[in-house]
Amino acid sequence: MPENHVVTISRFLIEQERKIAETTTGTFTSLLSNIALAAKVISYQVNRAGLAEILGETEQENFHGERIQKLDLFADDVMQKALDHTGLITCMASEENEFFLPVPENFPSGDYVVIYDPLDGSSNIDVNVSIGTIFSIHSKISDSDRGELKDCLQAGKHQVAAGYVLYGSSTMLVYTTGAGVHGFTLDPSIGEFVLSHKNMRFPDPSRRVYSINEAHYPGWETGQQLLVDYLKNEGDFSSRYIGSLVADFHRTLLQGGIFMYPAGQGAPEGKLRLLYECAPIAMLAEQAGGRASTGARDVLEIIPHSLHQRIPLYVGNREFVDLAEDFLAEEDSAT
Ligand code: AHG
Ligand code: MN
Ligand code: MN
């Protein structure tokens, strides 16, 4: 087949179907195709947000106490409507809904559980900086055909698939089903996500970039302060911080380095949520040859106790995440 042939997500999954059990039935291919459809709809609105009266905040706060952006709600609604009728899922959960969402009674039920952050990096919407959508896919473990909370509270290592959409200079969908990480770029001329980054791997850290919100330095544990002092003075690193997890992770995956969101920043356990931010990012990182840790243990090993549980996150090249753990452990043992 000539190398310049167009490989869409569906085609790539069918070509992969023969390799991985998960996609043999075709239902997974259909699930990912529906997520890709949602991504196209959200991308269209994101790219015309300034024109579509969809910028800015609603009057509402979510139960995290955060002001809800109009685009957050729009994206959440698009994801639900893209999946709820398909007969592929038993339930969903999202950042914008306090409780998990059983598949509606009037729709058929399926075996998958989709947990997602409909719009990641909301604070960047109104300043036209890259934002994203993050999704995590599990197989149900309950007997209920409308889902139970335990279907959502599974450790990240049991994820069937994970991925994100990045609404940036182009719209990309990056996912893994446990057989490597693959990136697709939306070609607006044909309205399809086309394979553009096959088998994405953290590069050998040529460009050593650390990414953290340094405004919180005074509130960090000593080990965290010593780590960033080292990266600044000894580590020959550059610093980049966008403030959208998806964009900061995507750059780290392409260029190498480490992204950090430590404990004590925003909340005692940090700001990022395990189920729909850290666990999917961790699966992608491990599949791309890197690591994701809380600073003390692998993110994928954590058994969640609640839907919106927060954890600290250190993700990137294996050697840099290991280094972060060493600095944090040293300080722990010294206190
Ligand atoms: P969300 O918009 O889904 O709430 O996520 C925002 C998160 C994440 O995208 C980013 O890494 C982090 O917030 C940035 O937090 P700070 O503004 O505290 O740096
Ligand atoms: Mn987020
Ligand atoms: Mn969000």
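**Figure 1. The surface and overall build of the chain.** In this predicted model, the chain exposes about 14,100 Å², and carbon and sulfur atoms supply 49% of that area. Beneath the surface there is plenty to find, as buried residues make up 55% of the 335 residues. If you count the secondary structure elements, you will meet 8 helices and 15 strands. The C-alpha trace spans about 55 × 50 × 45 Å along its principal axes. A compact globule of 335 residues would have a radius of gyration near 20 Å, so the 19 Å of this chain agrees with that expectation. The fold also brings together stretches that are separated in sequence: among contacts between residues at least 6 apart, 62% join residues at least 24 apart.

**Figure 2. Two domains and the contacts between them.** Let us now look at how the chain is divided. Domain 1 covers residues 9-197, and domain 2 covers residues 209-334. Their C-alpha centres lie 23 Å apart. How many residues of domain 1 are in contact with domain 2? The count is 50 residues of domain 1, which meet 31 residues of domain 2.

**Figure 3. The manganese ion (ligand 2) and its three protein donors.** Zoom in on this ion and you will find Asp-117, Asp-120 and Glu-277 coordinating it. The two aspartates use OD atoms and the glutamate uses OE, at 1.9 to 2.1 Å. Along the chain, these donors follow the spacing D-x2-D-x156-E. Asp-120 and Glu-277 link distant parts of the chain, being 157 residues apart. Asp-120 sits in strand β5 (residues 112-120), while Glu-277 belongs to helix α7 (residues 274-287). Are these two residues buried or exposed? Both Asp-120 and Glu-277 are buried.

**Figure 4. The manganese ion (ligand 3) and the aspartate it shares with ligand 2.** Which residues supply the protein donors here? They are Glu-95 through OE, Asp-117 through OD and Leu-119 through O, and they lie 2.0 to 2.2 Å from the ion. The spacing of these donors along the chain is E-x21-D-x1-L. You have already met Asp-117 in the previous view: it coordinates both manganese ions, ligand 2 and ligand 3, which are 3.7 Å apart. Asp-117 has a relative accessibility of 0%, so it counts as buried. Leu-119 is buried as well, because its relative accessible area is 1%, under the 20% cut-off.

**Figure 5. Arg-146, a buried arginine with polar partners.** This residue is placed in the loop between β6 (131-139) and α4 (149-152). Why does Arg-146 count as buried? Its relative accessibility is 16%, and buried means under 20%. The side chain of Arg-146 reaches the backbone oxygen of Pro-104 at 2.8 Å. A polar atom of the Arg-146 side chain also lies 3.0 Å from the backbone oxygen of Phe-107. Look around the arginine for further contacts, leaving aside its neighbours within four places in sequence: the residues it touches include Thr-90, Cys-91, Phe-100, Pro-102, Val-103 and Glu-105. Pro-104 and Phe-107 are in that set of contacts too.

**Figure 6. Two asparagines with positive phi angles.** Asn-128 and Asn-199 each deserve a view of their own backbone. Asn-128 is found in the loop between β5 and β6. Its phi is near 60°, a positive value in a residue other than glycine. With 75% relative accessibility, Asn-128 counts as exposed. Where is Asn-199 found? Look in the loop between β10 (192-197) and β11 (209-211). Asn-199 is not a glycine either, yet it has a positive phi of about 50°. The relative accessible area of Asn-199 is 43%, so this residue is partly exposed.

**Figure 7. Ser-170 and Ser-43, two serines from separate parts of the sequence.** Ser-170 lies in the loop between β7 (161-167) and β8 (171-176). Its relative accessible area is 33%, and therefore Ser-170 is described as partly exposed. Now find Ser-43, which is 127 residues away from Ser-170 along the chain. What separates the C-alpha atoms of these two serines in space? The separation is 9.4 Å.

Technical notes: Residues are numbered from 1 along each chain as its sequence is written. Chains are lettered from A and ligands numbered from 1 in the order in which they are written. This is a predicted model: local features need pLDDT of at least 70, side-chain atom pairs count only at pLDDT 80 or more; totals for chains, interfaces and linings use all residues. Side-chain values use heavy atoms; hydrogens and water are left out. Helices (H or I, at least four residues) and strands (E, at least two) are DSSP runs, numbered from the N terminus. Buried means under 20% relative accessible area, exposed over 50%, partly exposed in between (1.4 Å probe, protein chains only). A polar contact is a pair of N or O atoms within 3.5 Å; within protein, one must be able to donate a hydrogen and the other to accept it, and residues adjacent in sequence count only if both atoms are side-chain atoms. Contact means heavy atoms within 4.5 Å. Donors are N, O and S atoms within 2.8 Å of the metal (3.2 Å for Na, K and Ca); water is not among the atoms, so sites may look incomplete. The radius of gyration is taken over C-alpha atoms; the globule rule is 2.2 Å times the number of residues to the power 0.38. Accessible areas come from the Shrake-Rupley method with a 1.4 Å probe; for residues, only the protein chains shown count as cover. Domain bounds come from an automatic or database domain assignment.
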